[in-house]
Amino acid sequence: MSENHPLQDSTILQVDQLTLEFGGLRALEHLSFQVQSQEILALIGPNGAGKTTCFQCITGFLPSKLGEIHLYPPNHQTQRLNGLKPYQIAQLGVARTFQSIRLYEKQSVLENVMMGRQIRTKASMLGVLLRDRLTRAEEQHIREDSFQLLQRLELEQYAQVTADSLPYAAQRRLEIARALATDPFLLLLDEPAAGMNRQETEELNELLVELRKEFQLTLLLIEHDMQLVMKLSDRIIVLDHGRKIAEGSPQAIHQHPDVIRAYLGEQATS
Ligand SMILES: Nc1ncnc2c1ncn2[C@@H]1O[C@H](COP(=O)(O)OP(=O)(O)OP(=O)(O)O)[C@@H](O)[C@H]1O
Ligand SMILES: [Mg+2]
């Protein structure tokens with residue numbers, strides 16, 4: 001635990017001194033931050049700053065050997081995430097989407113969500129194969145829950161078509177639906193607005209605010225769209241070359257000289 005960041009009661013994720021190298025390249029350098037329950041925290045920074053790498057470490061897609069990552073699930077014991085596999089971290093209530101959309105393209109939209117749901121059920125793989133009565137009942141349950149999620153994200157008209165036939169913005173929503181199907185309390189979104197037009201981005205903004213309330217979610221989000229970040233976030237962390245260079249309210253970040261130099265300045269002058 002870093003001494004200058006005392007743990008608050010509402011902390012649900014604590015990243016401490018996380019350092020990760022690819023060959024000689026330091027993608028993350030002594031990165032420490034906390035995420036508070038039900039806040040929307042944005043992680044921003046120039047290309048290659050280490051944002052996705054940070055998500056990969058939290059969700060177990062990359063090993064975190066240097067530094068500590070702790071999860072404080074509501075009403076559960078503290079969990080050290082270092083060394084856990086992605087599915088174990090998902091089972092603890094941490095879900096994510098990917099920078100480049102990762103769907104089961106040739107499966108139906110409904111099946112994509114059902115696969116997210118399955119990590120939360122008791123049905124074993126063998127049970128699924130044998131399709132015994134218990135798992136068939138369970139599958140029906142999963143199907144109904146998944147359809148409800150599709151309705152919530154206004155995707156139900158696509159339920160039976162393959163995921164790759166969806167318009168782009170709908171594919172991004174489907175990724176969110178699949179993540180929600182794992183019943184998370186912490187949702188990590190890697191550039192959810194990438195490729196969206198202004199109106200779609202505006203709708204995404206509203207959707208995320210609503211979902212936070214409905215599902216009591218905490219959102220950690222990587223995003224390059226500054227308009228969205230400034231409007232949506234409670235708090236922002238800025239990375240540059242793997243290091244945290246600023247942290248604060250959207251207002252404070254907007255005026256931070258280092259941030260303007262490292263990041264916003266790039267856009268302001270382009
Ligand atoms: N699997 C990998 N192998 C080697 N180097 C990698 C790997 N993944 C990322 N990197 C490097 O680590 C650094 C951080 O990459 P990362 O993808 O985390 O950046 P990012 O902040 O998400 O950038 P972007 O905004 O472009 O998505 C970059 O220099 C990148 O080239
Ligand atoms: Mg990235």
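**Helix H3.** I started with H3 and found it mostly covered, with seven of its 10 residues buried. I wrote down which ones: Val109, Leu110, Asn112, Val113, Met114, Gly116 and Arg117. Note to self: this is a predicted model, so everything here is read from computed coordinates.

**The sheet.** Next I traced the strands. Six of them make an open sheet, and I get the order S6-S7-S8-S3-S9-S10, with mixed pairing. S6 (94–96) and S10 (243–248) are the edge strands; each has a single partner, so one side of each has no neighbour in the sheet. I also looked up the twist, which averages 20 degrees from one strand to the next.

Then I zoomed in on the S10 end. S9 (residues 235–240) and S10 run antiparallel and are joined by five bridges. For Asp240, I found the bridge partner in S10 to be Arg243.

At the other edge I checked what packs on the strands. Helix H6 (residues 168–180) lies across S6 and S7 (186–190), and I have it running at about 155 degrees to S7.

**Aromatics.** How many aromatic pairs are there? My count comes to one. The partners are Phe61 and Phe98, in an edge-to-face arrangement, with 5.5 Å centre to centre and 85 degrees between the planes. Planes over 60 degrees apart count as edge-to-face, which is the cut-off I used.

I looked up where the two rings come from. Phe61 is in the loop between H1 (51–58) and S4 (66–71), while Phe98 is in the loop between S6 and H3 (109–118), so the pair ties together parts 37 residues apart in sequence.

Are these rings buried or exposed? Phe98 is buried, at 10% relative accessibility. Phe61 is partly exposed, at 36%. I take anything under 20% as buried and over 50% as exposed, with partly exposed in between.

Phe61 has another visitor: Arg96 lies over the face of its ring, 4.8 Å from the ring centre.

**Magnesium site.** I moved on to ligand 2, the magnesium ion. Which residues coordinate the magnesium ion? I found Thr52 through OG1 and Gln99 through OE1, at 2.0 to 2.2 Å. Water is not among the atoms, so I keep in mind that the site may look incomplete.

The two donors link distant parts of the chain, as Thr52 is in helix H1 and Gln99 in the loop between S6 and H3, 47 residues apart. I checked their exposure too. Thr52 has a relative accessible area of 25%, so I log Thr52 as partly exposed. Gln99 gets the label partly exposed as well, with 35%.

**Odd backbone angles.** Last, I went after positive phi values. Most residues other than glycine have a negative phi, so I flag the exceptions I came across.

- Gln38 has phi near 65 degrees, a positive value in a non-glycine residue. I place Gln38 in the loop between S2 (25–36) and S3 (40–44). Its relative accessible area is 34%, so I call Gln38 partly exposed.
- Glu191 also turns up with a positive phi, near 55 degrees. I place Glu191 in the loop between S7 and H7 (198–215). At 9% relative accessibility, Glu191 goes down as buried.

Definitions and conventions. Residues numbered from 1 in each chain as written. Chains lettered and ligands numbered in written order. Predicted model: local features only at pLDDT ≥ 70, side-chain atom pairs only at ≥ 80, totals over all residues. Heavy atoms only, no water. Pairing = 2+ DSSP bridges. Helix = DSSP H or I, 4+ residues; strand = E, 2+ residues; numbered from the N terminus. Axes fitted to C-alpha atoms, helices over the stretch in contact; angles between N-to-C directions. Contact = heavy atoms within 4.5 Å. Phe/Tyr/Trp six-rings, centres within 6.5 Å; stacked < 30°, edge-to-face > 60°. Buried < 20%, exposed > 50% of the residue type's maximum accessible area, 1.4 Å probe, protein only. Lys NZ or Arg CZ within 6 Å of the ring centre and 35° of its normal. Donors = N, O, S within 2.8 Å, 3.2 Å for Na, K, Ca; no water.
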